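Student: Before we get into details, can you show me what we're looking at?
Tutor: Sure, here it is.

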Amino acid sequence: MKYWFYCSFLFLHTISMAQDSPFPYAQIPSYPDTYSSGNILSRMVDGLGYRYYWATEGLKQQDLDYKPSGEARSTFETIQHLYGLSEMILNAAINEPNVRPADWSDLSFRDLRRKTLEQLRQASQLYSKLSEEELAKAQVIFKNGENENAFPLWHIMNGPIADALWHAGQVVSFRRSSGNPMNPNVNVFMGQTRY
């Protein structure tokens, strides 16, 4: 009985904390009742959002400045790259081109984090509503000056989503190396975090 009470308290406390978060993905959203291509793609984005949220939660300046070597990106530069990937994931959902070159140097860490999470949430919501026919027509579009190239939506999975998962893992590794490890209560399998 005590264990059940404790679990119930922990679950309600976790939900309360997640609702108080100023950014999405403190907890992974409930999964849909049905399987569809759009729902599966949406869930992949949700998994990325949850991992990104906790990879970047509580980062300090020393973490943002950290580089594993002179040639590597810093944590902050990796977060800028993740922002660009989240933009690509959203743009594919709305069939908007990714205009290159892009410059996000004026965005602070907090702005990058908030916008990345919001773009992922918006993309997830859009993908979940797309039919199989709409997904088949969706494209990843790049525009550089007058040049425009389009690729099938398949590339959003093996490209930006997989790449963003990779880089979120790098942020976790970098922050451990800079002395500020990620919250050990994050459970990526369940998509929940104990507080």
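Tutor: One definition to start: a residue is buried under 20% relative accessible area, exposed over 50%, and partly exposed in between (1.4 Å probe, protein chains only). This is a predicted model, where local features need pLDDT of at least 70 and side-chain atom pairs count only at pLDDT 80 or more, while totals for chains, interfaces and linings use all residues. Numbering runs from 1 along each chain as its sequence is written, and side-chain values use heavy atoms, leaving out hydrogens and water.

Student: How far does helix H5 reach from its first C-alpha to its last?
Tutor: Helices here are DSSP runs (H or I, at least four residues), numbered from the N terminus. H5 takes in residues 109-129, so 21 residues, and the expected span is 1.5 Å times one less than that number. That gives an expected 30 Å, and the model comes close to it, at 31 Å.

Student: Over what arc around the axis do the buried residues of H5 spread?
Tutor: The buried residues of H5 include Phe109, Leu112, Arg113, Leu117, Leu120 and Tyr127. They sit on the same side of H5, because the arc they cover (taken from the directions from the helix axis to the C-beta atoms) is only 160 degrees.

Student: Which residues are exposed on the other side of H5?
Tutor: The buried residues of H5 have cover from H2, H3, H4, H6 and H7, among others (contact means heavy atoms within 4.5 Å). Turn to the other side of H5, and the exposed residues there are Arg110 and Lys129.

Student: What does Arg113 form a salt bridge with?
Tutor: A salt bridge needs a side-chain nitrogen of Lys or Arg within 4 Å of a carboxyl oxygen of Asp or Glu, and a search of the whole structure finds three. In this one, the closest N and O atoms are 2.8 Å apart. It links distant parts of the chain, 56 residues apart: Arg113 is in H5, and the partner is in the loop between H2 and H3. Arg113 is buried at 4% relative accessible area, whereas the partly exposed partner, at 31%, is Glu57.

Student: Which residues are linked in a network of salt bridges?
Tutor: Asp111 bridges Arg114 with its closest N and O atoms 3.6 Å apart, and the two lie three residues apart in H5, about one turn of the helix. Arg114 also meets Glu118, at 3.4 Å from N to O; these two are about one helical turn apart because they are four residues apart in H5. Arg114 counts as partly exposed because its relative accessibility is 28%, and Glu118 does too, at 30%. So the network of salt bridges is made of Asp111, Arg114 and Glu118.

Student: Why is Tyr35 called exposed?
Tutor: Tyr35 has its place in the loop between helix H1 (2-20) and helix H2 (37-56). It counts as exposed because its relative accessible area is 79%.

Student: And which residues make the nonpolar surface patch of about 370 Å²?
Tutor: Patches use residues with over 30% relative accessible area and no salt bridge; like charges are joined within 9 Å, nonpolar side chains (Val, Leu, Ile, Met, Phe, Trp, Tyr) within 5 Å. Accessible areas come from the Shrake-Rupley method with a 1.4 Å probe, and for residues only the protein chains shown count as cover. The patch here is made by Tyr35, Ile40 and Met44.
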